[in-house]
Amino acid sequence: MATSKRTYPNTYFTWYNDDDRVAILAQDTTVSSGERTKEKYDTYQDADVTGGLRITYHSKYETIDAQDEDLKSIAGLDSGLHPAVVCYIKARMYEDMGDLQQAQYFRAMYDKQVKQYPLRKSGIRQLAVPRL
Amino acid sequence: MTAKNIIEQIERMFGRQPEQYMFQLMNDALDDIASHKRNYTVSAITNLEQKKRWYLLDDNVIDITRVEILDTNDRYVMIPKLADPHKILRADTDEDDDELK
């Protein structure tokens, strides 16, 4: 009996994506299929697997629609960025009121807070160059 | 900080504001921050289906960081990303029951 492709998924499976879909491919291990084109990968042909695919992704934040919802626990926004939300709202409101000078001020504050806030908690943030 | 805390800060400066308008601005802010900072990581599980190549991504997805397949020991194993998908000749399976044929 042939080895199930799911015994060694990282050997047999691969993926790629376009703008709004992800494609899951498995190695085509059939010897003679009568197909006109021979390719290394084809669509997965074995049985369905419940919960068989897990996709991890960077997501937009969850939406807020009640006053008691917390921006950290419900929306997923780091607490250090909560003041930036206040600045953004102020900028938008001043824009709506036609006060572009104040709007620009709060927009600049918002941009600064978002740009400077360190979110990466893993990996090297900058190269350590040895002094020669 | 809760939504109420933020609304209080805004209302202190601008006076009473419609609640829905506040939520709308708050969600706009969250979307704008998400477009600059990619730190909210989420995993979604779906069924691996026979003869199905394309799986629709949720509207919230910004970029995919890893894809895993449930192996025969019931553990998720990361699979590699195909470096040259443009060389794949067939965009889908050749089965009749596939609507994307």
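Let me start with two helices, α2 of chain A, residues 82-97, and α2 of chain B: they pack at an angle of about 115°, and their axes are 9 Å apart. Axes here are lines fitted to C-alpha atoms, for helices over the stretch in contact, and angles run from 0 to 180 degrees between N-to-C directions. Helices are DSSP runs of H or I with at least four residues, strands are runs of E with at least two, and both are numbered from the N terminus.

This is a predicted model, in which local features need pLDDT of at least 70, side-chain atom pairs count only at pLDDT 80 or more, and totals for chains, interfaces and linings use all residues. Residues are numbered from 1 along each chain as its sequence is written, while chains are lettered from A and ligands numbered from 1 in the order in which they are written.

Back to the pair. The crossing of α2(A) and α2(B) is right-handed; the near helix is then turned clockwise from the far one by less than a right angle, and anticlockwise would be left-handed. On the chain A side, A:Ala84, A:Val85, A:Tyr88, A:Ile89 and A:Arg92 meet B:Leu25, B:Met26, B:Ala29, B:Asp32 and B:Ile33. Contact means that C-beta atoms, placed from the backbone, lie within 7 Å. By class, that patch has eight nonpolar, no polar and two charged residues. Nonpolar covers Ala, Val, Leu, Ile, Met, Phe, Trp, Tyr, Cys and Pro, charged covers Asp, Glu, Lys and Arg, and the others, Gly among them, are polar.

Now the whole interface. Chain B gives 69 residues to the contact and chain A gives 65 residues. On chain B, the largest share, 11 residues, comes from α2(B). The chain B side divides into 38 nonpolar, 14 polar and 17 charged.

There is strand pairing as well, which requires at least two DSSP bridges. Strand β2 of chain A, residues 21-27, runs antiparallel to β2(B), with three bridges joining them. One partner pair is A:Ala23 with B:Trp54.

Last, within chain A. α2(A) packs against α3(A), residues 100-116, at about 160°, with axes 8 Å apart. That makes the two helices roughly antiparallel, because the term applies to angles over 145 degrees. Their crossing is left-handed. The residues of this contact divide into 12 nonpolar, two polar and three charged.

Note on methods: Two residues are in contact if their C-beta atoms, placed from the backbone, lie within 7 Å. Angles under 35 degrees count as roughly parallel, over 145 as roughly antiparallel, 65 to 115 as roughly perpendicular and the rest as oblique.
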